[in-house]
Amino acid sequence: MTTPRLITADDLSLRPPLDDDTQLVAELMGVPITAERPAQIVRMWREHWDEHGYGTWIITDAAGRRPGFVGLRTHPDFIRVTIRVTEGEGGDDPATRALRLVVAHALEWLPDLPLRIRIAPDDVATRLVARAAGMAHALDPDHTVDGDEWQVLELPYVRIADRVPARAREAMLAMWVEVNDSGGAVGFAPGAGRDDVAEVLDGYIAGLAEGRTVCVALNSPLGELLGFGFVARSTGATVAHTANLERIMTDPARRGTNHGALLVAGLHRAAREMGVELVTLDYRGGTGLGEFYTRYGYTEVGRIPGGVRVAPGDDRDGVIMARSL
């Protein structure tokens, strides 16, 4: 399995560094292009790529401009994240969008190590970008270097499980009910009874023992449940290379923090580790989910007009999407 080198979105792409990126580094450092340090940095970036198969990505926008970079550097027990851009702070700027793409890519493809970024306490702009990408204060790794205090933010982690302990079940059930009541399309209408949801959840939990389904949970650095879903492998010799992604949901109280993208990345990782080559999913029309999944490589392959009845007089299309892994 080869890790992709390029990361692309509609109006942004990220690629490994080239020799002529020395100019970008010199600009970010505020030194002349003839200075020695920018060329050294680019050389170190390329050596890291050669050794590890990942590293620093150069950000390129739709107009061909290079506003900065997002870097990942391996350490013995974690992967360090760095980000620098020439313009923009927080919000929907290239830094935020690039970091969102890179951390989701890392969660899906790279070694299963914590992703951490260290930030000076007064660096508000970088903290906003990191939080928008889903990172949260990890507390324990905070440290002081040469008298300077550094705060560490860490990416949520994915847990792939073939069993669900009682405590985790309660957290999953509570989230499922909250998602229903907030209008989320995960098999129920708003106001669905807790017992009805529990019956479906327990059916999934019982099915984990059969080995064809796994539970994928997204957890904060402190262990809080942020989202979950299931990878259900297809039965039958002719479709054994496929799986369906089911009941995908994230905490509705934490929307806008990239958790949906991170959970999808974790589901893809789990499916790939199961030997799956093609995944499908379905969703309820009228929710805007088609646009979300299209951003992650999915294509609509089927639609059942009026196939989902949310309430009397409110029939929605059932939509099926698929993508190769």
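The protein carries 34 positive and 46 negative side chains, and the centres of these two sets are separated by 2 Å; Lys and Arg are taken as positive and Asp and Glu as negative, with His and the chain ends left uncounted, and each charge is placed at NZ of Lys, CZ of Arg, CG of Asp or CD of Glu. The model is a predicted one, in which local features require pLDDT of at least 70 and side-chain atom pairs count only at pLDDT 80 or more, whereas totals for chains, interfaces and linings use all residues. Residues are numbered from 1 along each chain as its sequence is written, and side-chain values use heavy atoms, with hydrogens and water left out.

The protein contains 8 helices and 16 strands, assigned as DSSP runs (H or I, at least four residues, for helices; E, at least two, for strands) and numbered from the N terminus. Of the 325 residues, 46% are buried, that is, under 20% relative accessible area with a 1.4 Å probe, protein chains only. Among contacts (heavy atoms within 4.5 Å) with a separation of 6 or more, 59% join residues 24 or more positions apart. The C-alpha trace spans about 70 × 40 × 40 Å along its principal axes.

Helix 6 comprises the 15 residues 194-208, and its end C-alpha atoms lie 21 Å apart, in agreement with the 21 Å expected at 1.5 Å a residue. Its buried residues are Val197, Ala198, Leu201, Tyr204, Ile205, Gly207 and Leu208. These buried residues pack against helix 5 (166-181) and against strand 10 (157-161), strand 11 (213-219), strand 12 (225-233) and strand 13 (242-250).

Technical notes
Buried < 20%, exposed > 50% of the residue type's maximum accessible area, 1.4 Å probe, protein only. Expected span 1.5 Å × (residues − 1).
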